[in-house]
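Let's take a walk through this one, going from surface patches to charge pairs and ring contacts. Have a look at the sequence and structure first.

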Amino acid sequence: MKNDGQIFPRWCNTLAWASIAGLILMGGTMICLLAVVTRSPYLTRVDIPLEQPVPFSHEHHVGGMGIDCRYCHTTSEISPFAGVPSVETCMTCHSQVWKDAPMLQPIRDSFLSGKPVAWNRVHDLPDFVYFDHSAHVNKGVACRECHGRVDRMPLISRQETLFMGWCLACHRHPEGALGPREAVFTPRPPDQSEIRSWLQAHAGAPARPEMERPPSVTAQRLTDCSACHR
Amino acid sequence: MNSAVKECERVNEQISAIVLKRPPRRGWLFGFGISFCFLMVLNLAIGCLFLKGVGIWGINIPVGWAFDITNFVWWIGIGHAGTFISAILLLLHQDWRTSINRFAEAMTIFAVACAGMFPLIHLGRPQVFYWILPYPNTMDLWPQWRSPLVWDVFAVFTYLTVSIVFWYLGLIPDLATLRDRARPLWLRRLFGVFALGWRNSIKHWKRYETAYLLLAGLATPLVISVHSVVSFDFAVSLIPGWHSTIFPPYFVAGAIFSGFAMVLTLIIPVRKFYRLENLITDTHLDNSAKVMLATGLLVAFGYLNEIFTAWYSDEEFDAYLTLNRMLGYYAWVYWLMMACNVGVPQLLWFRKLRRDPTSLFVISLLINLGMWAERFVIIVTSLHRDFLPSSWGIFRPTIWDWATLMGSLGLFFTLIFVFIRLLPMISISEVRRAATEKRP
Amino acid sequence: MNTAYGIVAEFESPEQVLAAAKRVRELGYRDLDAFTPFAVEGLAEAIGFEKTRLPLVTLLSGILGACLAYSLMWYTSVVGYPMNIGGRPFHSWPAFIPITFELTVLFAALGTAIGMLILNGLPRPHHPIFNTPHYAERSSSHFYLCVKTSDSLYNLSATSDLLRHLGAKDVWEVEA
Amino acid sequence: MTPHSLTDLQKRIPAARGALLWKSLDQLANTPEFREAIEREFPVAADEWPDALSRRRFLILMGASLAAAGLTSCSRQPIEKLVPYVKQPEDLVPGKPLHFASSNVLGGFARGVLVESHEGRPTKIEGNPGHPASLGATDVFMQAAILQLYDPDRSQTVLHRGFASTWDAFLAALLQEENEWARDGGTRLAFVTGGVTSPSLRYHFRRISERFPNARWIVHEPACNLETPRVLPSVDRAGVVLSLDADFLAWGPGMLTNARTFARRREPGNTMNRLYVVESVPSLTGAMADHRFPMTPSDIVRLPEQISAEMRGATNPAAPPWLPPLVRDLRKHAGDSLILAGEFLPDSAQNEIRLLNEELGNVGRTVTYPTEALTFPGTHALTELASQMLSGSINAVFLLDCNPVYTAPADIPFAEALRKVSFSVHHGLYADETAEACRWHLPDLHALENWGDALAFDGTISIIQPLIEPLYNGISPHVLAAALLKQWPANDYDIVRSYWRGILANDDFESLWRQAVHDGVMAGSVSTPAAPPPAAPRAPPSPNPNAGSGLELLIRPDPHVYDGRFANNGWLQELPKPMTKIVWENAAHIAPATAERLGLHHAEEVDLIYRGRSIRAPLWVLPGMAENCVEVALGYGRTRAGKVGSGLGFNSYQLRTADAPWGGPGLEVRATGRMHRFATTQEHNTMAGRDLVRFADLTMYRETPHFAQQHGHTPAPDQTLYPPFTYDGNAWGMAIDLNACTGCSVCTIACQAENNIPVVGRDQVQRGREMHWIRVDRYFRGTVERPDILHQPVPCMHCENAPCETVCPVAATLHDHEGLNVMVYNRCIGTRYCSNNCPYKVRRFNFLSYVDHSTPTLKLQRNPNVTVRSRGVMEKCTYCIQRINFARMNARNQNRSIRDGEIIPACAQACPAEAIVFGNINDPDSRVSKLRTDPRNYGLLAELNTRPRTTYLAKIFNPNPELKNV
């Protein structure tokens, strides 16, 4: 037993350092992976359209036919809840057009049976978040700011992560999202000429009456927990 | 043959034998088995806790903390002896520390591990414990830095990490020794991996000792700070009995007090069992006992001081609290604490008792009990009667409170037994040196 | 082209190895090393290893920790998401001190430990010295002095004789 | 022990004939497995013990602890369904509540309510400001009604001999019987009803008795004394009020009005009134008194005579020393004084008091007497009826809205008698004890499910309109009455409406009717008092009935379960009793001195022996009780109240006899030595010498108005290391006037209803885990014989320097820019540190999973605008932030700022005395900032420099200077 002291071959020196580096690297990747997964569309469902009982196309109704949002989402200006159209609303047209299209069968069934259609909710905030459509709409936050260009969506899907961070980004600097009241329901951003004409309509009166805040509402208030959580 | 070599050989042989000799002795298996059962009790208690919620404990409003945080503070306190011995005594050139510091450090790590468990499991929603840590998240939220609980997290984590580093650094030369002495190749390689190829080069020794000294220098303020931070949990609040400026020093004293008590509780049977009387001599016990006496007196001063301030400040709430502690529902715990922490240590004035393992063992047990009682008194009696008499209440421990406490003991002793078996519980290299230096 | 690592002499007491080291160095040997069961007082200096830069590492990593800790707390509570906590100002510096301190110690400690290992070139499981005969069973009880082949005065026979003369019990040439 | 599920137990019930089935259920109810199963089944009695550790369960436990907790963080959100209406109702805006006026009826009398409805679910009941018996306030029963509506234990189907049957089957059976009754005019037919004032229903009853002229009508209201002549006091007109055992501020159909008007005269100043109360058991009215004299009932009975003697100048040594000054005070205020007689005093005393009021010239000024329309028909000759039923001379009984098997006096074998009757019908909300003994049981409709009407205490006609389709197959009393008139099919709406069409007989009926339904009251329907019926001549002085020694027994309705009808209501069960703060049970109250004399101890179980009957009850030593008497509350010890209410407390009806319904002398108390553990929310009764509730005499207040602020030392805002935080814009604050608060604790239950606060059950309360966000602290001060009784509602103080916030590690509780101390449930990790550091201990913690996720109906009740808290989360008063946000949204959408009084928290809205005021303290004109500048304003524990936003107005007593020395 001459060299009994030497229990490791020479290459172990390299191995030792390599393994240390490897461990550090692995830890790093794990953490990054976790961060990436939590922000991935798999969890946020951004751009992933949901299966619906009836493949309703906003592209067709909004983009194509130019129906105003409020025709279906009736309470978006007066209630926290924008409102989902009743089957009756669908039938106002579809009792005339496409009245026996197979894809509309569920609507007709529901209308006759009185059993409502259960849609899959796309923009679903946690139950402890209290979002108020009327507040945003009346202050000139356009639908597209959160819902995106619905006029280009055959099947509706989330355009934003709906992370708290995303809400805060806007609540910290609302001015970016505030626009003229008239442009709130236009699916695409208004161009200069439109804005000019609206401003003329407001000749004399302050340009954006809807955006004046009463003294009680400071900008910071928007980042208060109590603004959204109760 | 030269005596230096003989001395070294003797030390190497005696200590490494404990680790390398197999099969393990029956006594060890027995002790390990028992502690493992208690560990399973802990497992059960925590399982039930996660299923049902913290309501399985006796806590309520007003007593929102009871056994959980009591255990936490108690364990953290015990965890103070190790670093105190290995760091502060090192700086003070107390050479007698060499034969107990390794053991004390190990004990420290295990105690802190037990302690660290409680802040996690005492949460109402343990599944989101990581919200206390600062990491960039999708909510744009951060910890609330003014909260002593956040300070705790950092203090305990730092303490645990530094203790482990300190402990491992100390182990490296010994691991090398074991690597060289172990028989089967796989075992030698195993030790070899952790010995990092230590080869006793004098240059390495030089840097090694510098590092060791620097760490000691860092650990000294750390050990003071950790229990101060823990005491902030109470000191920065405004509850009478918590809101007190004397807490940091008197918590630290108490911590070292209980730490040494636990060291003795463990070391006395161990040295008997492994016949280490020649390494862990009565002088070691004597010195530890002296430290206990000193810190015990500091603690006693803390108690008196609290009573004095309550009377002198003329604060009706503090005054009431003090009386309530002495005469109220939990009076017996208070007097138990007084007896164990103020009365019993006075026995240590007698040299005979200090050098008599049996009596010292009993005393150290009583002190451990007393220090647990102290934390209970501070936490529960202060909470159960604070400002508004309308919301005064009583805390009654449930079986799960006890199970968790016993279980944490199980965890602690399981780790201790594993350590004794796998690693040298006495620093070979340091004892080697000491032995060679005082050879004829 | 020499494949040897150096000459390793085995002594049986710290005093001997210390004396030997001093003498060898006097004779002009520079590239030395010693292997002992514990840090023999003055041996390092004897072979010309004066001081280490470790304390500096500690200081720097400590400062780094302090800065990181405080700036993190300052940023998150003043810039990131300022919140009114119990009427306290956003930048309540006294509350930031404990964590700053803890992280200072943490970074300093880790810096010291890691620094020590790196400066020592550890881990290094394979090393020529382990080729020394009986190194395993003797390294933790015997005292070795080593003259490396790279030394300008290195000469197998001459150096070996010198070391034997200085009281070495055994002298080997250890291959690299 | 192997765990039983209810279904197992049901399997074990022999599927034999009905009678037997009930029997076995009763037996089961007492087996341990049954209780165990109940406890596991219903979170009301949630216990945290793990079930028997079967091997599998053991493994689960072991596994759970090893499971990595953090994984929950990145779990994928499940897809939620979105279900729109098929046809959207006209005036309904999804996400916005609607309010409807209706009425809540108790003991026959209506109190107007406004019911909040979310997408067709009634979720909250508020008072109707336009209703004279509510004035916008509510009492605990009105608040709890909403929970009763959704009670899953409500009877859900017609039962015949205990088996499910149908309405049609009943009609068929009825048809046969009817012909028989018609032959002899219903000689063998009897009706027992609860108090009924509904004009339309009474009209139908009249027509029924026309059809069966010989049928007997009996009114059975065990909790009120139907013989007392009704009195209408105008408390606000009285400068001096003397109450002889009358709890007029907290009991009875006019209570809300009395409390409101009394508080108006309570403003410290020249118009401040003075209240004398002579009573046996401390009542909330007694707690408000400037002079409170405990007295045994038998002595109170003799008091009117002594007063009149005193007034006539006759000296009677028997009179207590305080009487002469008291009478002098009354005479000084002749015309604006008022003497009120307790409901339970005998006729002689009632009459005497009425004469006194006449002599003082109070009649017509501070007190009027209602027209006869309000007094009930029939007597409550239950005894006679029972004997007739036993003898068989009655063989058909209808029991409407009453539960005599449980509530009948103990000397009436009613259950036995009922079982003898061949055709017995019970109509009620629950399949209760009486239903069990009847052949038929018909489920009643809840007031929020059917149309109806009723009279208020002052005769105001109040409309009851349904808020929701019947949840179960209930049958309206109107429909039942119609059935007895051979009118079916019928529905309550047509019946009620057509009745009023007939009454109003107005061509403009439609608009009148719509108005009445909208307002909840029939305009101008208050019955103006006719010439008061003459009082009977003064009777000769009666000897003291209680000449004999021994104790006196008092039997009284329970403040929260009433006569037992609310036993199954978790909110009411968990609402602390005003004086003792006991929950989930009743106790035998006794005076400290008496207890000491008899060698009895607090919480000791004793045998109460009265007229040869005995019950076992835990003893509660109550300061301020009159000596030598024991009070027990009715309404407990029920066997078939439901999952919540069965088997709680002891049944005091077992001591009740027909001739002495409210007790009397001759009680014997025998100690058992066994101790009882009460579930109470306040274990300590004194203030331990601390300045918590601050108070003064009117004279002292005149000298030093700022006395309340001189207690302790409140640091100035600048006495701090840190610069103070400034609040521009709104700054919410609350002021609570201790001088107005009666301690009725309706704020607590209103808060519970508004904020989805769970019921935790007796065991959890015993462990000190009640969840109420606002509690009413009760302190005794002074001697145990005649203590001052002080009440103090304690919600979150919303401290500006909140101690709770600085210690939270994750900023789950913090301030918003309007100074609210907000609690963010979804951020809370449950360290409980905030609660530990809260000096007021107003924070509540979900130690276990308290919310009932299993019962569907209970989900319907919840307020959609308040987060339902999960396990392990801290919660507390939010100043009703959902209401604040609602008001803010309205204001912002209209580009204006929030008006004062636009936001009313649930507690303030319910308060009868208007003691709680909320608003913007930055607005100098708001009511709350005016109150905060009041010299009486002080902050609780303000010396801790917490700078509370909730402040208190000190209490002022107005004692009679002449009575100082007495």
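Which residues form a nonpolar patch on the surface, with about 550 Å² of accessible area together?

## A nonpolar patch across two chains

The answer draws on chains A and C: A:W17, A:I20 and A:I24 come together with C:L110, C:I114 and C:I118. Keep in mind that this is a predicted model, and that goes for everything below.

As for where these side chains sit, helix 1 (12-38) of chain A and helix 4 (93-119) of chain C each supply at least two residues of the patch. A:W17 belongs to helix 1 of chain A. With a relative accessibility of 37%, A:W17 counts as partly exposed; patch members need over 30%, so A:W17 clears that bar.

## Charged patches

Chain B has a patch of positive charge on the surface, and its members are B:K21, B:R25, B:K272 and B:R275. One of them, B:K272, is found in helix 9 (residues 247-273) of chain B. The relative accessible area of B:K272 is 62%, which makes this lysine exposed.

The opposite sign turns up too. B:D314, B:E315 and B:E316 join D:D691 in a negative surface patch, with members from chains B and D. B:E316 lies in helix 11 of chain B, which covers residues 316-327. At 35% relative accessibility, B:E316 is partly exposed.

## Salt bridges

Over all chains, the count comes to 71 salt bridges. Take A:R221 and A:D224 to begin with: their closest N and O atoms are 3.3 Å apart. Both ends of this bridge are buried, A:R221 at 5% relative accessible area and A:D224 at 7%.

B:D286 and B:K290 make another bridge, with 3.9 Å between the closest N and O atoms. The cut-off is 4 Å, so this pair falls within it. The two residues are four apart in helix 10 of chain B, and therefore separated by about one helical turn. Their surroundings contrast: B:D286 is buried at 3% relative accessibility, whereas B:K290 is partly exposed at 42%.

In chain D, the side chains of D:R266 and D:D290 meet in a salt bridge at 2.5 Å, N to O. This pair links distant parts of the chain, 24 residues apart: D:R266 is in the loop between helix 8 (255-264) and strand 11 (274-279), and D:D290 is in the loop between helix 9 (284-288) and strand 12 (291-294). D:R266 is buried, with 2% relative accessibility, and D:D290 is buried as well, at 10%. Going back to chain A, salt bridges that share partners join A:R221 and A:D224 with D:D816, D:E818 and D:R888 into one network.

## Aromatic pairs and a cluster

How many aromatic pairs are there over all chains? The count is 82. One of these is B:F308 with B:Y312, a stacked pair at 5.3 Å centre to centre and 10° between the planes. Stacking needs planes under 30 degrees apart, so the 10° of this pair qualifies. Both rings come from helix 10 (residues 282-313) of chain B, four residues apart, about one turn of the helix. B:F308 is partly exposed at 43% relative accessible area, while B:Y312 counts as exposed at 60%.

D:Y701 and D:F707 form an edge-to-face pair, 6.4 Å centre to centre, with 85° between the planes. Here D:Y701 is buried at 13% relative accessible area, and D:F707 is buried at 3%. Chain D also holds an aromatic cluster whose members are D:W167, D:F170, D:W181, D:F191, D:F205, D:F212, D:W217, D:F398, D:F423 and D:W440.

## A buried phenylalanine

One last stop in chain B: is B:F118 buried or exposed? At 0% relative accessibility, B:F118 counts as buried. Its place is in helix 5 (residues 98-121) of chain B. B:F118 and B:F72 are 46 residues apart in sequence, yet their C-alpha atoms are 5.6 Å apart in space.

Terms used: Residues numbered from 1 in each chain as written. Chains lettered and ligands numbered in written order. Predicted model: local features only at pLDDT ≥ 70, side-chain atom pairs only at ≥ 80, totals over all residues. Heavy atoms only, no water. Patch = residues over 30% accessible without salt bridge, like charges linked within 9 Å, V, L, I, M, F, W, Y side chains within 5 Å. Areas by Shrake-Rupley, 256 points an atom, 1.4 Å probe, with all protein chains shown as cover. Lys, Arg positive; Asp, Glu negative; His and termini not counted. Charge placed at Lys NZ, Arg CZ, Asp CG, Glu CD. Buried < 20%, exposed > 50% of the residue type's maximum accessible area, 1.4 Å probe, protein only. Phe/Tyr/Trp six-rings, centres within 6.5 Å; stacked < 30°, edge-to-face > 60°.
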